[in-house]
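Got the model open in your viewer? Let's take a walk through it, one selection at a time.

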Amino acid sequence: MRTQVAIIGGGPAGLLLSQLLHKAGVASVVLERRSREYVLSRIRAGVLETGLVNLMHEAGIAERMDREGFIHDGTLIANGNDQFRIDFKELTGSHVMVYGQTEVTRDLYEARDAAGATVMHECSGVKPHDLTTDAPYVTFFHEGAVHRLDCDFIAGCDGFHGPCRQEIPLSVRREFEKVYPFGWLGVLSETPPVDNELIYSNSERGFALCSMRNANLSRYYIQCQLSDTPDDWTDDAFWDELRRRIPEEAADRLVTGPSIEKSIAPLRSFVCEPMQWGRMFLCGDAAHIVPPTGAKGLNTAASDVNYLWRALVAWYKDGERGGIDTYSETALARIWKAERFSWWMTTLLHRLPEQSEFDIRMQDADIAYLQHSTAAQTAMAENYVGLPY
Ligand code: APR
Ligand code: PHB
């Protein structure tokens with residue numbers, strides 16, 4: 001088999017890259033380890049930056065999002081019973097789109113099917129070869145046979161646990177990591193959201209987030225112990241704890257119901273440098289992880305795809321190699337800013353096990369500054385809606 005760009009991993013990063021390349025007339029093959037059903041069963045955040053919304057338009061997959069997504073012009077921040085709003089529209093002229101990542105992935109699969117794309121599922125033993133030559137290739141097993149995919153470039157879109165990052169020799173690879181000493185317990189329920197906008201809440205009992213998917217589907221999170229399991233939390237215990245962590249007037253309005261999904265996610269910040277080795281480029285979770293506070297996971301994957309897609313198209317259409325050569329540098333410059341923002345929001349809003357009274361006062365002061373300073377709100381808003389590509 002031969003293609004122009006071999007894409008390892010069929011999550012949102014790999015699929016979006018493949019669709020954008022296709023629109024520009026560049027061929028790709030996507031190799032995914034799991035089944036399509038598995039990929040579509042993963043529930044992730046649902047806040048899209050304008051840059052990603054624009055990419056979805058360029059990729060020709062925005063129709064359902066435009067119809068079913070919700071534009072949010074602001075968000076609410078709470079500290080105990082005190083609550084204030086950050087007005088994205090007024091502060092930045094921009095907004096975010098609330099539309100589930102699972103739906104983005106579904107729309108991408110449909111578009112790839114409609115274009116007759118090759119997306120191979122349940123591939124095992126995927127291994128990139130000869131990355132520092134002009135003729136890289138990938139080997140893998142699929143339906144009982146060994147395959148070889150020759151290509152010009154390889155995109156490592158294989159998530160945090162994928163094999164691509166490990167191909168960058170240890171002598172050049174640097175990894176930066178921060179693991180947070182708590183998790184997020186998330187619940188999805190078929191109930192109307194407690195508010196029209198998201199509520200990020202810092203409380204004495206820990207962080208809580210009120211989010212949503214649509215008018216009758218809510219997504220809520222509470223900070224929990226890393227040792228907790230979803231079975232430790234009955235629905236009633238979850239709702240009780242959530243009510244205690246959000247402002248009273250919101251707690252009074254909260255409509256509860258049975259959970260249709262309940263899971264715990266650990267929080268981590270991680271960056272791999274460089275994001276490129278020879279003819280292999282890393283995109284998305286393969287190269288970096290953010291804690292979910294601020295919803296930058298999918299958005300950072302999209303910004304990598306944006307740079308890589310443009311660089312590859314410039315190479316194929318104009319013989320330009322500038323974008324290819326500087327991909328890692330360009331992508332990382334934006335990634336580190338999103339890492340900073342996610343780390344800051346996480347530190348601002350969570351209770352830490354070792355936190356002193358002084359640390360809590362610092363948090364309170366940081367939140368009060370955000371509440372009363374237009375400069376602080378503008379900085380928060382421009383990061384939340386997404387820094388320019
Ligand atoms: N071979 C082929 N595919 C692989 C391999 C492998 N050895 N290892 C992992 N994969 C696949 C995974 O099964 C997954 O479908 O790579 C895909 C990576 O997808 P994501 O983990 O979703 O990462 P990414 O596409 O970078 O998306 C970034 O989406 O999933 C979220 O948390 C993620 O929010 C972040 C954003
Ligand atoms: C979500 O809706 O799942 C969500 C929203 C915002 C976040 C994280 C998760 O910061």
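Start by selecting E190, which sits in the loop between β13 (174–189) and β14 (199–202). Keep in mind as you go that this is a predicted model. Switch on a surface and check E190: is this residue buried or exposed? E190 has a relative accessible area of 54%, and the bar for calling a residue exposed is over 50%, so E190 counts as exposed.

Now show what E190 touches. Leaving aside residues up to four places away in sequence, you'll find N216, L217, P258 and I260. For a sense of distance, add R205 to the selection: 15 residues along the chain separate it from E190, and the two C-alpha atoms are 25 Å apart.

Next stop: Y220. You'll find this tyrosine in strand β16. Its relative accessibility is 0%, so Y220 counts as buried. Draw a C-alpha to C-alpha line from Y220 to S189 and you should read 8.4 Å, with their positions 31 residues apart in sequence. Then look at where the Y220 side chain goes: it reaches the backbone nitrogen of V194, at 3.1 Å.

Time for the ligands. Select ligand 2 and bring up the residues around it. There are 15 of them, and those that come nearest are Y200, S211, R213, Y221 and P292. Zoom in on the oxygens of the ligand:

- Y221: an N or O atom of its side chain is 2.5 Å from an oxygen atom of ligand 2.
- G294: here a backbone N or O atom does the job, 3.0 Å from a ligand 2 oxygen.
- A295: a polar backbone atom again, with an oxygen of ligand 2 at 3.2 Å.

How much of ligand 2 does the protein cover? On its own the ligand has 280 Å² of accessible area, and 99% of that is covered by the protein.

Color the shell of ligand 2 by element next. β15 (208–214) and β16 (217–224) each bring at least two residues, and β15 gives the most, with three. Color by class instead, and the shell divides into nine nonpolar, four polar and two charged residues. One more coloring is worth a try, by domain: domain 1 (5–72 + 97–177 + 268–345) and domain 2 (180–267 + 352–385) each put at least three residues into this shell.

Last, move over to ligand 1. Which residues are closest to it? Of the 25 that surround ligand 1, they are E32, R42, R44, Q101 and D285. Three of these are worth showing as sticks, with distances switched on:

- E32: a side-chain N or O atom is 2.6 Å from an oxygen atom of ligand 1.
- R42: a polar side-chain atom lies 2.7 Å from a ligand 1 oxygen.
- D285: an N or O atom in the side chain is 2.9 Å from an oxygen of ligand 1.

Put the surface back on. Ligand 1 taken alone exposes 690 Å², of which the protein buries 90%. Helices to highlight around it are α1 (12–23) and α9 (297–318), the elements that give two or more residues to the shell. The largest share, three residues, comes from α9. Finish by coloring this shell by class: you'll see 11 nonpolar, seven polar and seven charged residues around ligand 1.

Notes:
Residues numbered from 1 in each chain as written. Chains lettered and ligands numbered in written order. Predicted model: local features only at pLDDT ≥ 70, side-chain atom pairs only at ≥ 80, totals over all residues. Heavy atoms only, no water. Near = heavy atom within 4 Å. Polar contact = N/O pair within 3.5 Å; in protein donor to acceptor, adjacent residues only side chain to side chain. Areas by Shrake-Rupley, 256 points an atom, 1.4 Å probe, with all protein chains shown as cover. Helix = DSSP H or I, 4+ residues; strand = E, 2+ residues; numbered from the N terminus. Nonpolar A, V, L, I, M, F, W, Y, C, P; charged D, E, K, R; others polar. Domains from an automatic or database assignment. Buried < 20%, exposed > 50% of the residue type's maximum accessible area, 1.4 Å probe, protein only. Contact = heavy atoms within 4.5 Å.
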